[in-house]
Amino acid sequence: MRPLTSRLSQRVLAVPPSGIRKYFDIAATMEDVVSLGIGEPDFVTPPPILQAGIQSLQRGHTSYTSNSGMYELREAVAKNLRQRYGATAYDVDKEVLITVGVSEAMYLAMQAILDPGDEVIVPQPCFVSYTASVILAGGNVVDLPTYAEDNFEIRPEAIRAAITPRTKALLIGFPSNPTGAVMDMAGMMEIARIAMEHDLLVISDEIYDRLVYGGHHHIMFAALPGMAERTIHLGGMSKDYAMTGWRIGYAVGPEELIGAMRKIHQYLIMSAPTTGQEAALAAFTDPATEEYVQQMIESYDRRRRLIHEGLNEIGLDCFEPKGAFYAFPSIKSTGMNEHEFCERLLVEEHVAVIPGSAFGRGGEGHIRCAYAASIDHIETALERMYRFVRRHG
């Protein structure tokens, strides 16, 4: 019998293993570990949302919904985007799809638009599933490194240089995981002009849209002039509403693109979890939810300022993140590479962080620190990191 590994598809073999999982596995075998590794809110889902989910189960709402998702939830998604960001009036029947988290939405988008050999420009460093989603759809990733000296924003000239006759789409994600970077209006408008000039589709992952700080206001890319007809907007409930385990995301965009994604979703998933959808509906429609969201944003902002200042005081140069809940400091001053730094910090001081290169080119020489942890945990981690850096001078 031939080895089973020889029967695996080339697409699966081409997908690199997650650079994050290794550190979680090591940390799980240790005691007294302070983790700044996991990108998950440390808040429980707000009570009004929890109650909506509980009531959904108590009422026996345990059947499938429409493949597209509950009509009321799709309506709420479209209304939220219109009122909050000035989005176009999306057709609830044809242009909105409820998915199992944003990760499914990303997978569907790539499966829907890519043929073998098509290229997708992907700014790096980026969330680990971006590259995998392109590869699994048979596409080719064209890395677009971003750098700390540019605050990890995209250089328009770098996009232009990366475009080839095979380029089909540009994938952007702001606020950014892992860097916490955001883009201003001028930068977004320049990306929009390039997309129009070269007739590119744009997939815009905006899962952290509410988590912005320091006076920055989030810009919905599809709301820019001329972008609604060429952009698949991806969003969800996990980060803004502390609903990671409920697994509810959404995609909005042109009828033809969302229709193609729905077709795959139909056969792959059927429909997103009913309980999660009814909870998500409450997140959008129950006025009591907003108070909890604002409290979470204010708490993240305090943590953001604490970790940003603390890392710089330690001697790990860190630009100021303006969104999401990640800091992305340089560790080059220590003389270690990012893998050695993370492994030794975990073993010697029991602090878990993630190597920046796990998120692609541009992440070399950096680490990702998630500040979705308590103030006490962040302070403890900073104290231990201070000892570690001083010890290794």
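**Entry 1: strand S6**

I began with strand S6: four of its five residues are buried, so S6 is largely enclosed by the rest of the structure. A reminder to myself: I am reading a predicted model. Next I looked for a partner of S6 and found S5, which runs parallel to S6 and is joined to it by five bridges. I picked out one pair across the two strands: leucine 171 stands opposite isoleucine 203 in S6.

**Entry 2: the sheet around S6**

Which order do the seven strands of the open sheet follow? I read it as S2-S8-S7-S6-S5-S3-S4, with mixed pairing. At the edges I noted strand S2 (96-99) and strand S4 (140-145), each pairing on one side only. I also looked up the turn between neighbouring strands of this sheet, which is 20° on average with direction ignored.

A handy thing to remember here is that strands of a sheet pair through backbone hydrogen bonds, either parallel or antiparallel. For S4, I checked its pairing with strand S3 (residues 119-124): the two are parallel, over six bridges. I wrote down one bridge as an example, where valine 120 has valine 141 of S4 as its partner.

**Entry 3: two helices by the sheet**

I moved on to H5 and asked which strands it lies across. My list has S2, S3, strand S5 (167-173), strand S6 (201-205), strand S7 (231-236) and strand S8 (249-252). Against S6, H5 runs at about 170°.

Then came H6, where I counted buried residues. Seven of the nine are buried, so H6 is largely enclosed by the rest of the structure. By name, they are Ser129, Tyr130, Thr131, Ala132, Ser133, Val134 and Ile135. What do the buried residues of H6 pack against? I found helix H1 (10-14) and H5, together with the strands S3, S4, S5 and S6. Just after H6 I stopped at glycine 138, which has a positive phi of about 85°.

**Entry 4: the largest pocket**

How much space lies in the largest pocket? I noted about 620 Å³. It is lined by 33 residues, and the closest to its centre are Gly39, Ser103, Phe127, Asn177 and Lys239. Helix H2 (21-28), helix H5 (101-113) and helix H6 (128-136) are the elements that give two or more residues to this lining. H5 gives the most, with four residues. I was pleased to meet H5 again, having just seen it lying across S6 and other strands. Sorting the lining of the largest pocket by type, I got 14 nonpolar, 13 polar and six charged residues.

**Entry 5: a three-stranded sheet**

I then looked up another open sheet, with three strands in the order S9-S12-S11 and antiparallel pairing. Strand S9 (326-327) and strand S11 (354-355) stand at its edges with a single partner strand each, so one side of each is left without a neighbour in the sheet. S11 runs antiparallel to strand S12 (residues 367-370), and two bridges join them. One of the bridges I looked up sets isoleucine 354 against arginine 368 in S12.

**Entry 6: one histidine**

Last, I looked at a single residue, histidine 308, found in helix H11 (residues 288-314). Is histidine 308 buried or exposed? Its relative accessible area is 18%, and buried means under 20%, so I put histidine 308 down as buried. Leaving out residues up to four places away in sequence, I found that histidine 308 touches Cys318, Phe319, Glu320 and Pro321.

Definitions and conventions: Residues are numbered from 1 along each chain as its sequence is written. This is a predicted model: local features need pLDDT of at least 70, side-chain atom pairs count only at pLDDT 80 or more; totals for chains, interfaces and linings use all residues. Side-chain values use heavy atoms; hydrogens and water are left out. On a 1 Å grid over the protein atoms alone, a cavity is a set of points where a 1.4 Å probe fits but cannot get out, and a pocket is an open set with protein on both sides within 12 Å along at least five of seven lines; lining residues have an atom within 4 Å of a point. Grid points are joined across faces, edges and corners, and a volume is the space filled by probe spheres set on the points. Ala, Val, Leu, Ile, Met, Phe, Trp, Tyr, Cys and Pro count as nonpolar, Asp, Glu, Lys and Arg as charged, and the others, Gly among them, as polar. Two strands pair if DSSP finds at least two bridges between them. Axes are lines fitted to C-alpha atoms, for helices over the stretch in contact, and angles run from 0 to 180 degrees between N-to-C directions. Contact means heavy atoms within 4.5 Å. Buried means under 20% relative accessible area, exposed over 50%, partly exposed in between (1.4 Å probe, protein chains only).
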